[in-house]
Each structure stands twice: as structure tokens, then as C-alpha cells.
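Me: I would like to go through this structure step by step, with the reasoning set out before each answer.

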Amino acid sequence: MSQHPVQHPDTNAVKQYLLGLQDRICERLAAVDGRGVFETDAWDRPEGGGGISRVITDGEVFEKGGVNFSHVMGETMPASATAHRPHLAGAPWQAMGVSLVMHPSNPYVPTSHANFRFFVDPRGCRAGLLVWRGL
């Protein structure tokens with residue numbers, strides 16, 4: 001078995017991709033809706049990071065929906081995250097993603113929900129690179 005060097009993820013590239021994903025999703029949903037417009041609200045997290053919330057209301061197709069981007073970070077992972085990975089206790093972390101929830105006006109059309117997430121321990125190799133990508 002050959003060893004492969006650890007490649008650190010380019011968090012800026014991931015962030016730009018996710019911001020673009022948020023834009024593309026909002027553009028397409030607004031086009032499908034035809035009437036609703038996404039309102040945008042940027043926010044900061046006092047503990048580190050922030051995000052952009054985009055909400056559409058009272059549209060032709062969507063009663064209400066949100067497509068949100070967040071990029072948050074902290075100095076130490078919470079105990080719940082390190083319970084089964086004690087070697088990561090005290091590690092700094094970053095998480096970012098796009099989350100959406102759409103509520104159609106038609107009661108016979110189901111609500112949809114999706115998350116696209118990226119999580120990384122920026123210490124990298126010192127504690128063993130931890131990268132989690134999930135849909």
C-alpha cells in the first residue's frame with residue numbers, strides 16, 4: 001500500500017464555490033418562481049465568521065424559502081465533536097456550507113430541504129487532517 005501526502009483543502013476555493021452555488025440556486029429558483037425576489041442579509045457571528053441569508057417570500061411558486069451560506073470558526077471544537085475523536089480536543093475548526101429550505105405555495109407540493117457542508121481542522125497534519133464533506 002502506498003502512502004499519499006496529505007493535501008490540505010483550499011478553504012478559500014471552497015468558500016468561493018459555495019458562494020457561487022448559493023447565487024446559482026437563488027437565480028434558478030427566482031426564475032422558476034417568476035414573481036418572488038430574494039432579499040439578502042449578511043450577518044456576523046461574534047465567536048468568529050458569519051454568513052449571508054437569502055429569503056424569498058410571497059412568490060408565485062414559493063410561499064417562503066431560504067438559501068443560506070455560512071462560514072464559521074472557533075478556537076476549540078465542542079466536546080460533542082471530540083467525544084469519539086479525543087485527539088482533536090482543543091483543536092481549532094472551520095465550517096462552511098449552503099443550506100436551503102423551500103416551502104411551496106401549493107400544499108400538495110412537498111417542502112424541500114438540503115445541506116451542503118464542509119468542515120476542517122485547520123491544524124492539519126499536527127493532529128491528523130480532519131476533513132468532512134457531506135450532502
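Me: With which side chain does the side chain of His71 make a polar contact?
Reply: This is a predicted model, and side-chain atom pairs are counted in it only at pLDDT 80 or more. His71 is found in strand 3, and Gln94 is among the residues that His71 touches beyond four places in sequence. The polar contact joins the two side chains at 2.7 Å, and the partner of His71 is Gln94.

Me: Is His71 buried or exposed?
Reply: Apart from its close sequence neighbours, His71 touches Lys15, Gly48, Gly49, Gly50, Gln94, Ala95 and Met96. Its relative accessible area is 12%, and the cut-off for a buried residue is under 20%. Because 12% falls under that cut-off, His71 is buried.

Me: Where does Phe69 lie, and what is its relative accessible area?
Reply: Phe69 lies in strand 3, where His71 is also found. Leaving aside neighbours within four places in sequence, Phe69 is in contact with residues including Leu18, Leu19, Trp43, Ile52, Met96 and Val98. Phe69 is buried, and its relative accessible area is 3%.

Me: What separates the C-alpha atoms of Phe69 and Leu19?
Reply: Leu19 is one of the residues in contact with Phe69, although the two are 50 residues apart along the chain. The separation between their C-alpha atoms is 6.8 Å.

Me: Which residues form the aromatic pair, and how are their rings arranged?
Reply: The structure holds one aromatic pair, and its members are Trp93 and Phe119, with 6.2 Å from centre to centre. Trp93 lies in strand 4 and Phe119 in strand 5, so the pair ties together parts that are 26 residues apart in sequence. Trp93 counts as buried, at 12% relative accessibility. The planes of Trp93 and Phe119 are 20 degrees apart, and since planes under 30 degrees apart count as stacked, the arrangement is stacked.

Me: Which elements give two or more residues to the lining of the largest pocket?
Reply: The largest pocket has a volume of about 160 Å³. Of the 13 residues that line it, the closest to its centre are Ala95, Met96, Gly97, Arg117 and Phe118. The elements that each give two or more residues to this lining are strand 3 (62-74), strand 4 (93-104) and strand 5 (112-120).

Me: How many residues of the lining of the largest pocket are nonpolar?
Reply: The lining of the largest pocket divides into three classes, with four polar residues and one charged. The remaining class is the nonpolar one, and its count is eight.

Me: Is Ala114 buried or partly exposed?
Reply: Ala114 has its place in strand 5, and beyond four places in sequence it touches Val98, Ser99 and Leu100. The C-alpha atoms of Ala114 and Leu100 are separated by 5.4 Å, with their positions 14 residues apart along the chain counted as the distance apart. At 23% relative accessibility, and because buried means under 20%, Ala114 counts as partly exposed.

Me: Which pattern does the protein chain follow along the sequence?
Reply: The protein chain has two helices and six strands, and buried residues make up 34% of its 135 residues. Among contacts between residues at least 6 apart in sequence, 50% join residues at least 24 apart. Read along the sequence, the pattern of the protein chain is α-β-β-β-α-β-β-β.

Key
Residues are numbered from 1 along each chain as its sequence is written. This is a predicted model: local features need pLDDT of at least 70, side-chain atom pairs count only at pLDDT 80 or more; totals for chains, interfaces and linings use all residues. Side-chain values use heavy atoms; hydrogens and water are left out. On a 1 Å grid over the protein atoms alone, a cavity is a set of points where a 1.4 Å probe fits but cannot get out, and a pocket is an open set with protein on both sides within 12 Å along at least five of seven lines; lining residues have an atom within 4 Å of a point. Grid points are joined across faces, edges and corners, and a volume is the space filled by probe spheres set on the points. Helices (H or I, at least four residues) and strands (E, at least two) are DSSP runs, numbered from the N terminus. Ala, Val, Leu, Ile, Met, Phe, Trp, Tyr, Cys and Pro count as nonpolar, Asp, Glu, Lys and Arg as charged, and the others, Gly among them, as polar. Buried means under 20% relative accessible area, exposed over 50%, partly exposed in between (1.4 Å probe, protein chains only). A polar contact is a pair of N or O atoms within 3.5 Å; within protein, one must be able to donate a hydrogen and the other to accept it, and residues adjacent in sequence count only if both atoms are side-chain atoms. Contact means heavy atoms within 4.5 Å. Rings of Phe, Tyr and Trp (its six-membered ring) pair if their centres lie within 6.5 Å; planes under 30 degrees apart count as stacked, over 60 as edge-to-face and the rest as tilted.
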